[in-house]
Amino acid sequence: MPCISCCIPPSRRGSSADFGQSRSSLQLPVSLLTSSPIQSLFSTGSPFNLVIGDSIKVFIDAVEKLLGQSQASRDSIEGLSSLSSYLSVITSLFPRNAFLWKMEMLQNGCAYTNSRLHAIKAQTLILLSGRDTLLPSLDEGERLRKVLTKCEIRKFNDNGHSLLLEDGIDLVYILKGASYYRRGRNYDYVKDFLPPTPSEFKRAEDQFWWINPVLSPVMLSTLEDGKIVEGLEGIPSEGPTLLVGYHMLLGLELGPLVLRILTEKNILVRGIAHPMIFFRQGDGKLPDLSSYDLLRSMGAVPVSGTNLFKLLASKSHVLLYPGGMREALHRKGEEYQLFWPEQSEFVRMAARFGAKIVPFGVVGEDDIGKVVVDYNDLNRIPYFKAEIEELTNEAIKLRTESSDEVSNQQVHLPGILPQIPGRLYYLFGKPIETKERKHELKDRQKAQEVYMEVKSEVEKCLAYLKEKRETDPYRTLMSRLVYMSTHGLSSEIPTFEL
């Protein structure tokens with residue numbers, strides 16, 4: 001929701017083309033309200049007595065005759081019409097002279113502000129209302145984004161002019177999502193992070209409300225003696241702990257995993273995520289950064305050695321997917337295959353802080369959707385090949401120094417054929433201790449052996465779940481619906497015998 005003082009571009013500033021194509025529809029109506037021909041339409045006492053109620057049409061018709069039938073005239077008439085709903089309020093607040101004085105101040109303020117926008121170098125956040133009937137917020141926001149050098153936009157398509165007064169708008173959540181709560185010039189994803197508030201947690205629950213009734217996730221964990229149990233008892237309650245696992249198609253496993261651990265163990269897992277959900281190399285076709293505000297508010301951090309170091313140093317529970325985008329956007333026939341870098345990326349760091357490494361697997365994506373158009377198919381079509389290149393260039397590149405399969409992954413969206421939902425199954429393996437092996441794991445070869453051990457354990461978790469789910473009497477959606485109809489929607493649905 002931009003400031004009203006920025007909504008009317010100046011008539012002169014540099015070349016006439018600077019803002020010629022982005023003039024606000026409010027500019028001409030405001031000029032008319034302060035010009036003498038239009039002033040004659042006001043009666044004494046109240047400045048808008050002639051344009052309240054049914055008389056609004058008389059006012060618009062009079063302006064239309066003054067301006068003619070050009071496109072600019074029609075746009076101005078539409079701007080006046082959108083203002084009509086506010087005229088009764090304006091009438092009660094301002095007498096005629098006060099209103100005209102304020103309009104003159106507004107024009108002067110617009111000229112002053114717009115002439116200095118180019119000098120603003122500070123980080124700027126603009127909130128845009130999609131249904132603002134008083135000001136052209138969407139158009140003005142796009143204009144300001146082009147003028148201001150460090151500008152982010154948050155759009156609220158279903159909200160009106162009084163954005164911050166409307167239900168469902170949480171300014172704290174917006175500022176946290178945009179990384180505006182910080183101690184220094186740059187945001188520190190560990191030191192400056194504020195845990196989610198109850199309302200933010202409720203927002204996350206609402207977004208994934210369908211998970212439990214539709215997918216009924218099964219959570220299993222492994223105790224220190226190797227026994228597999230239902231629930232999350234096997235996950236260490238104290239950090240630092242590193243959860244390392246398989247990244248399901250489109251990251252479908254993320255929501256249930258993070259919310260269940262937070263609910264049952266009161267542990268907020270900090271996910272290591274792709275940098276493109278935090279910043280971009282330019283504006284393009286990737287979703288707005290605001291689309292990922294929820295992930296950031298729940299503790300996600302951009303992947304980097306520095307951030308992993310800080311999280312482990314703060315004794316956090318960290319979620320890491322070595323396969324990254326390559327696994328989450330895998331191709332046809334690659335379900336449950338691990339695409340990890342050849343060299344260890346996290347073992348020596350975990351050993352430095354004595355972190356426990358918990359390998360885990362999750363299956364069920366093949367019961368939810370099937371990849372029918374993958375990267376190879378898209379890359380053979382010139383149009384989609386160009387789209388992939390554009391998206392990839394917009395995102396931040398990872399592992400640029402490496403040449404293996406997981407390096408510099410191409411950003412694309414595979415074609416997925418939805419299926420009748422099955423069930424999600426999680427298995428957290430036995431924690432691997434590194435505390436007593438700090439000096440040993442400084443050796444690259446020893447660290448590589450542990451790395452391969454973790455990868456092997458993840459594969460074993462996947463194999464175990466794929467085999468055991470065949471004996472689950474409630475694997476199908478219909479069987480779970482029947483169970484819930486007799487035991488309640490919030491009931492815990494049984495699974496296979498352990």
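## Rings, a helix and a core

The charged end of Arg116 sits over the ring of Tyr112, 3.8 Å from the ring's centre. Keep in mind as you look around that this is a predicted model. A similar arrangement turns up at Arg326, which lies over the face of Phe339, 4.0 Å from the ring centre.

Rings also meet other rings here: the structure holds twelve aromatic pairs. Take Phe309 and Phe353. Their ring centres are 5.0 Å apart and their planes meet at 75°, so this pair counts as edge-to-face, the cut-off for that label being over 60 degrees. Phe309 belongs to helix H13 (residues 305-313), while Phe353 is in the loop between helix H15 (347-352) and strand E9 (356-363), so the pair ties together parts that are 44 residues apart in sequence. Phe309 is partly exposed, at 30% relative accessibility, and Phe353 is partly exposed too, with a relative accessible area of 23%.

Now move to Trp340 and Tyr451. This aromatic pair is tilted, with 5.7 Å from centre to centre and 50° between the planes. Trp340 sits in the loop between helix H14 (324-328) and H15, and Tyr451 is in helix H18 (residues 444-468), so here the pair ties together parts that are 111 residues apart in sequence. Both Trp340 and Tyr451 are buried. Elsewhere, Tyr187, Tyr189, Phe278 and Phe279 make up one aromatic cluster.

Back to H13, the helix that carries Phe309. Which of the residues of H13 are buried? They are Asn307, Leu308, Leu311 and Leu312. These four cover an arc of only 130° around the axis, which puts them on the same side of H13. The general rule behind that kind of pattern is that an α-helix has 3.6 residues a turn, so residues three or four places apart point the same way. As for what covers the buried residues of H13, the list includes strand E5 (241-245), strand E6 (269-273), strand E7 (301-302), strand E8 (317-320) and H15. After H13 comes Lys315, whose phi is positive, near 60°.

On to the nonpolar interior. In soluble globular proteins, nonpolar side chains tend to be buried together. In this model the largest nonpolar core has 79 residues, and those with the most contacts inside it are Leu257, Ile261, Phe346 and Phe428. H18 gives the most to this core, with eight residues. Phe346 is a good one to click on. Setting aside neighbours within four places in sequence, Phe346 is in contact with Leu242, Val244, Leu308, Leu320, Pro322, Trp340, Ile357, Tyr451 and Val454. Some of those names should ring a bell: Trp340 and Tyr451 are the tilted pair, and Leu308 is one of the buried residues of H13. There is also a second, separate core of eight residues, which includes Ile126, Leu144, Leu148 and Cys151.

Finally, a charged residue. Is Asp293, in helix H12 (residues 293-297), buried or exposed? At 6% relative accessibility, Asp293 counts as buried, since the cut-off for that is under 20%. Its side chain makes a polar contact of 2.9 Å with the side chain of Arg154, and another, of 2.2 Å, with the side chain of Arg296. Not counting residues up to four places away in sequence, Asp293 touches Arg154, Tyr173, Gly177 and Ala178.

Conventions:
Residues are numbered from 1 along each chain as its sequence is written. This is a predicted model: local features need pLDDT of at least 70, side-chain atom pairs count only at pLDDT 80 or more; totals for chains, interfaces and linings use all residues. Side-chain values use heavy atoms; hydrogens and water are left out. Rings of Phe, Tyr and Trp (its six-membered ring) pair if their centres lie within 6.5 Å; planes under 30 degrees apart count as stacked, over 60 as edge-to-face and the rest as tilted. Helices (H or I, at least four residues) and strands (E, at least two) are DSSP runs, numbered from the N terminus. Buried means under 20% relative accessible area, exposed over 50%, partly exposed in between (1.4 Å probe, protein chains only). A charge sits over a ring if NZ of Lys or CZ of Arg is within 6 Å of the ring centre and within 35 degrees of the ring normal. The arc is that of the directions from the helix axis to the C-beta atoms. Contact means heavy atoms within 4.5 Å. A polar contact is a pair of N or O atoms within 3.5 Å; within protein, one must be able to donate a hydrogen and the other to accept it, and residues adjacent in sequence count only if both atoms are side-chain atoms. A nonpolar core is a set of buried Ala, Val, Leu, Ile, Met, Phe, Trp, Tyr and Cys residues joined through side-chain atoms within 4.5 Å.
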